[in-house]
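Colleague: Hi! I have a new structure to look at, and I'm still learning how to read one. Could you walk me through it?

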Amino acid sequence: MIARALERTASLWPGVEYAYRFVHAVAHWLGNPHEESAAMVRWRVNGVLGAMQRYRAKAGALAGAFDHFQKVARSYRPGLFHTYMVPGLPRTNNDLEQLFGSQRYHKRRATGRKTAEPGAVLRGSVRLLAATATRVQAPTARDLGAANREHWRSLRQRLERGRRARTLRTRFRHDPAAYRQLSNNMPAS
């Protein structure tokens, strides 16, 4: 059955093979095997995309696929090369998903909860960054002492406002009249 299918589609394979040379070249350079700068990766990928445009007629029936590939590459272009500017930043969504999944796994193991804890909604952005950063390299006393205290206070105030808003929403659902009375007497934040 496979031999018959290959025989019937034999005329299509040269075009597919030709087109995938370009796709694999883009994937190769985005993999950054030589650990080059973002500008160099961009230059190499742009070179392959330019070659795709120049030689699209040779792709035959797959010329439309070349156009689609170019269109998708243009839509990703604004954020495509940023990862090469930041050392250690995961290159793909799969890497990020693995990072977040690892955090969920460890949190689940530590707490025994199967679902996210309520604090993850309120302080998740801070907790995730702190947990990830400390897994990469534990902060020293010097690092902690050099922290910007004003930024820290501002962050704490923002997190506290979120916590307070969540508490008030809960109180409203339980007793709307008491909530209205409390919110009328509360100072503005």
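Modeller: Happy to! One term to begin with: helices here are DSSP runs of H or I with at least four residues, numbered from the N terminus. With that numbering, Glu35 lies in the loop between helix 2 and helix 3. Keep in mind that this is a predicted model.

Colleague: Okay, and what is the phi of Glu35 near?

Modeller: It is near 50°, a positive value in a residue other than glycine. For background, most residues other than glycine have a negative phi.

Colleague: Which residue in the loop between helix 2 (13–30) and helix 3 (38–54) also deserves a look?

Modeller: Asn32 is found in that loop. Asn32 has a positive phi of about 50° although it is not a glycine.

Colleague: Are Asn32 and Glu35 buried or exposed?

Modeller: Asn32 is buried, with a relative accessible area of 2%. Glu35, on the other hand, is exposed, at 61%.

Colleague: Switching topic: how many salt bridges does a search of the whole structure find?

Modeller: The search finds four salt bridges. One of them joins Asp67 and Arg56, with the closest N and O atoms 2.6 Å apart. Asp67 lies in helix 4 (residues 63–80) and Arg56 in the loop between helix 3 and helix 4, so this pair ties together parts that are 11 residues apart in sequence.

Colleague: How accessible are Asp67 and Arg56?

Modeller: Asp67 has 32% relative accessibility, so it counts as partly exposed. Arg56 is at 26%, and it counts as partly exposed too.

Colleague: What about salt bridges in helix 8?

Modeller: I can give you two. Arg153 forms a salt bridge with Glu150, and their closest N and O atoms are 3.9 Å apart. Glu160 pairs with Arg163, where that distance is 2.5 Å.

Colleague: How far apart in helix 8 are Arg153 and Glu150?

Modeller: They are three residues apart, so about one helical turn separates them. Glu160 and Arg163 are also three residues apart in helix 8, which again means about one helical turn.

Colleague: Which of Arg153 and Glu150 is exposed, and which is partly exposed?

Modeller: Glu150 is exposed, with a relative accessible area of 55%. Arg153 counts as partly exposed, at 43%. In the other pair, Glu160 is partly exposed at 27%, and Arg163 is partly exposed at 33%.

Colleague: Now for empty space. How much lies in the largest pocket?

Modeller: About 580 Å³. Of the 19 residues that line the largest pocket, the closest to its centre are Val126, Ala130, Leu144, Ala147 and Trp152.

Colleague: Which helices supply at least two residues of that lining each?

Modeller: Those are helix 6 (118–136), helix 7 (141–145) and helix 8 (149–174). Helix 6 gives the largest share of the lining, eight residues.

Colleague: And what is the lining made of, by class?

Modeller: It has 10 nonpolar, five polar and four charged residues.

Colleague: Last one: which residues form a nonpolar patch on the surface?

Modeller: Ile2, Leu6 and Trp13 do, with about 350 Å² of accessible area together. Leu6 lies in helix 1 (residues 2–8).

Colleague: Why does Leu6 count as partly exposed?

Modeller: Because its relative accessibility is 46%, and partly exposed covers the range between under 20%, which is buried, and over 50%, which is exposed.

Technical notes
Residues are numbered from 1 along each chain as its sequence is written. This is a predicted model: local features need pLDDT of at least 70, side-chain atom pairs count only at pLDDT 80 or more; totals for chains, interfaces and linings use all residues. Side-chain values use heavy atoms; hydrogens and water are left out. Patches are made of residues with over 30% relative accessible area and no salt bridge: like charges are joined within 9 Å, nonpolar side chains (Val, Leu, Ile, Met, Phe, Trp, Tyr) within 5 Å. Accessible areas come from the Shrake-Rupley method with a 1.4 Å probe; for residues, only the protein chains shown count as cover. A salt bridge is a side-chain nitrogen of Lys or Arg within 4 Å of a carboxyl oxygen of Asp or Glu. Buried means under 20% relative accessible area, exposed over 50%, partly exposed in between (1.4 Å probe, protein chains only). On a 1 Å grid over the protein atoms alone, a cavity is a set of points where a 1.4 Å probe fits but cannot get out, and a pocket is an open set with protein on both sides within 12 Å along at least five of seven lines; lining residues have an atom within 4 Å of a point. Grid points are joined across faces, edges and corners, and a volume is the space filled by probe spheres set on the points. Ala, Val, Leu, Ile, Met, Phe, Trp, Tyr, Cys and Pro count as nonpolar, Asp, Glu, Lys and Arg as charged, and the others, Gly among them, as polar.
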